[in-house]
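Let's take a look at how aromatic rings meet inside a protein, and at the empty spaces between its atoms. Keep the 3D view open while you read.

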Amino acid sequence: SSDGKSQSIYSPSVEGQMKALRAAYKNSGINPTTVGLIEAHGTGTRVGDKVEFKALNRIFEESGANGNKCALGSVKSMIGHTKASAGAAGLIKAALGLYHKVLPPTLKAETPDPDLDIENSHFYLNSSTRPWFSKNGHPRRAGVSAFGFGGSNFHLVLEEYLPTKTEISWDGNIEITAFSAARKNELIQNIKAYRDDVVNGLSDDQFRIRAAESRKNFSAKHSHRLLMVHERNFQKPDLFNRALNALNSTDGRDSLNLKNIYVGTHEKTGKLAFVFPGQGSQYLGMGRDFVCTFPQAMKILEDTNKKFKNPTLLSDLIYPPTAHTTEERHRQEETLKRTDIAQPAIGAVSLAMLKILQKFAIYPDAVCGHSFGELTALCAAGWIDEQALTELSITRGRLMAEAAANPNAPEGAMLAVQAPLDELEALVKNSTQKIVIANRNSPRQGVLSGTTSAIIDIEKICRK
C-alpha cells in the first residue's frame, strides 16, 4: 500500500500502514493475534517508529489481541539501515527465527521510548535471545514490515514449515580442534604443523573443515590429548602457541588456568557423578542457551508445556518476555519461586541438560540429588522414566503449594543446623517436641522440621 498522498513522500501515516497490514493478514487468512514476532521496519526515528507502532497496535486491537504479548524488534539495531535491502535482511532474520525456533534479540533498545507506552500495548521489545515455543496449537508465525521510497508499505506473513526443531542451532563461529597421540612429542609436532598451516593462510571454511577432521581423528584412548576452543577469529596462531607452552610446562597441568585450552594425559580419571539441584536453584532464563541450541532440550520443554495445566506456559514463566521495569522483573522472579512453578521448571531444565550430556555420550557412574533433585536423579539412574519425572514434578509442586495455601493446615517450619547428624538424631530422640530430621544434607548438616512453635523452641536449644 502507499501513504504517499497523505502528507508528503517522507511522512508516514498510520492509515497507510494499517492498509498494508490488513491486506496481508486478510490475504493470508491469518489472525494477527497468532503472530509471535513482528520484525518491524524500525528506522529508529521518533516519528517513524511511533507511527509504525501505533498502526500495529490498532491492527492487533481490531483482531482481539486481548492482552496477548508479541515480540517486537528490528534487524537494524544489529546491522544498521541497509536502505533498499532492509526488508530482505528483516525477512532473513524472521525466517531463521522460525526455522531455529528462537526469538532473536533487538540490541541497544533496552529502554523503549516512553511515548510508545509499550507496557500497556500488545508488544514488548525482545532485547535478549529466547527460545520460541508454540502456543495454543497453532504454528509459529512472524510478520515482517518494510517501507520504501514514496510512501510504499510492505508487510509479509511467515509461518514455520515444521513444528519441531530438527537441527542444532550452530553457526560455526565457534570451533573445537582436537589433537591426540600416543607420545607427547608427536602431539606437539601435530599442533605445530596445524599452527603453521594457519599462519600460511587458511580461509574460515578451510579451517572449519580441518577442525572437523581433527575431531574425527581424535582418540580418547591416546595417552596425550589436547582440545582448543576457537572463538570466531580462527586465523590467530596465539591459541596454538599458548597450547604448546602449556604442554612444555609440567606436563600440561598449568593449562587448568588457561582459557579455551584443555589437556589430558595418561593419568586415569576418577568416576563421574551427576548432582541435581533442588528448589531454590531456579532463576529466570536458566538453561536458555541449551534450549535455544539443542532440539533435545527444546523437546523436553515443549512436552512439559503440554502437561503443565496453567493459563501461562511453563516456558513463558522460565523465559518471560523482556521486562522493561525493575518492578516487572521482580514480579517475574517471584512468580518463578512459587513451588508449583519452580519444581516442574527445575525438573524440565535439569532433564534437558541431562539429554544433552547423553547426546555427547557422557554417562554418570553415580547420581544424587538434593531435595527435589532426588526425582531427577532417579530418572538419570533409570528408576523412573522421563514422563514419570515430568508428572511427579508437576504433582509434587502443586500438592506442596496447596498445602502451604491451606488456611486450616498446621503452621510448620524448617531449621537448617550445622552439626553432626548423630547429634541431631539424639536431639530429636530426646526432645518432647514433634520434630523430625527432614534432610540429611551432609555428615555435618541437617534440616529439622516440625510445627513452628516446636522449631522455635528447638532453635534455642541448638544455639546453646
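Four aromatic residues come together here: Phe179, Tyr194, Phe207 and Phe240 make up one cluster. Keep in mind that you're looking at a predicted model. One member of the cluster, Tyr194, also has a charged neighbour: Arg210 sits over the face of the Tyr194 ring, 4.7 Å from the ring centre.

How many aromatic pairs does the structure hold? The count is 8. To describe a pair of aromatic rings, you give the distance of the centres and the angle of the planes. Try that with Phe294 and Phe360: the ring centres are 6.1 Å apart and the planes stand at 85°, so this pair is edge-to-face, as the angle is over 60 degrees.

Where do these two rings sit along the chain? Phe294 is in the loop between α8 (288-293) and α9 (295-307), while Phe360 is in the loop between α12 (339-359) and β12 (366-369). That puts the partners 66 residues apart, so the pair links distant parts of the chain.

Are the two partners buried or exposed? Phe294 has a relative accessibility of 12%, and because buried means under 20%, Phe294 counts as buried. Phe360 comes out at 51%, and since exposed means over 50%, Phe360 counts as exposed.

Now for the empty spaces. A search of the whole structure turns up 4 cavities of 30 Å³ or more. Here are two of them, with the make-up of their linings:

| Cavity | Volume | Nonpolar lining residues | Polar lining residues | Charged lining residues |
|---|---|---|---|---|
| Largest | about 50 Å³ | 6 nonpolar | 3 polar | 1 charged |
| Second largest | about 40 Å³ | 5 nonpolar | 4 polar | no charged |

Which residues line the largest cavity? They are Gln17, Ala20, Leu21, Glu52, Ala55, Leu56, Ser145, Phe147, Phe154 and His155. The elements that each give two or more residues to this lining are α1 (14-28), α2 (46-62), β6 (141-148) and β7 (152-159).

The second largest cavity has its own set of lining residues: Thr304, Pro344, Gly347, Ala348, Leu351, Leu389, Thr390, Ser393 and Ile394. For this lining, the elements giving two or more residues are α12 and α14 (386-405). You've met α12 already: the loop that holds Phe360 lies between α12 and β12.

Notes. Residues numbered from 1 in each chain as written. Predicted model: local features only at pLDDT ≥ 70, side-chain atom pairs only at ≥ 80, totals over all residues. Heavy atoms only, no water. Phe/Tyr/Trp six-rings, centres within 6.5 Å; stacked < 30°, edge-to-face > 60°. Helix = DSSP H or I, 4+ residues; strand = E, 2+ residues; numbered from the N terminus. Buried < 20%, exposed > 50% of the residue type's maximum accessible area, 1.4 Å probe, protein only. Lys NZ or Arg CZ within 6 Å of the ring centre and 35° of its normal. 1 Å grid on protein atoms, 1.4 Å probe; cavity = no way out; pocket = protein on both sides within 12 Å on 5 of 7 lines; lining within 4 Å. Points joined across faces, edges and corners; volume = space filled by probe spheres on them. Nonpolar A, V, L, I, M, F, W, Y, C, P; charged D, E, K, R; others polar.
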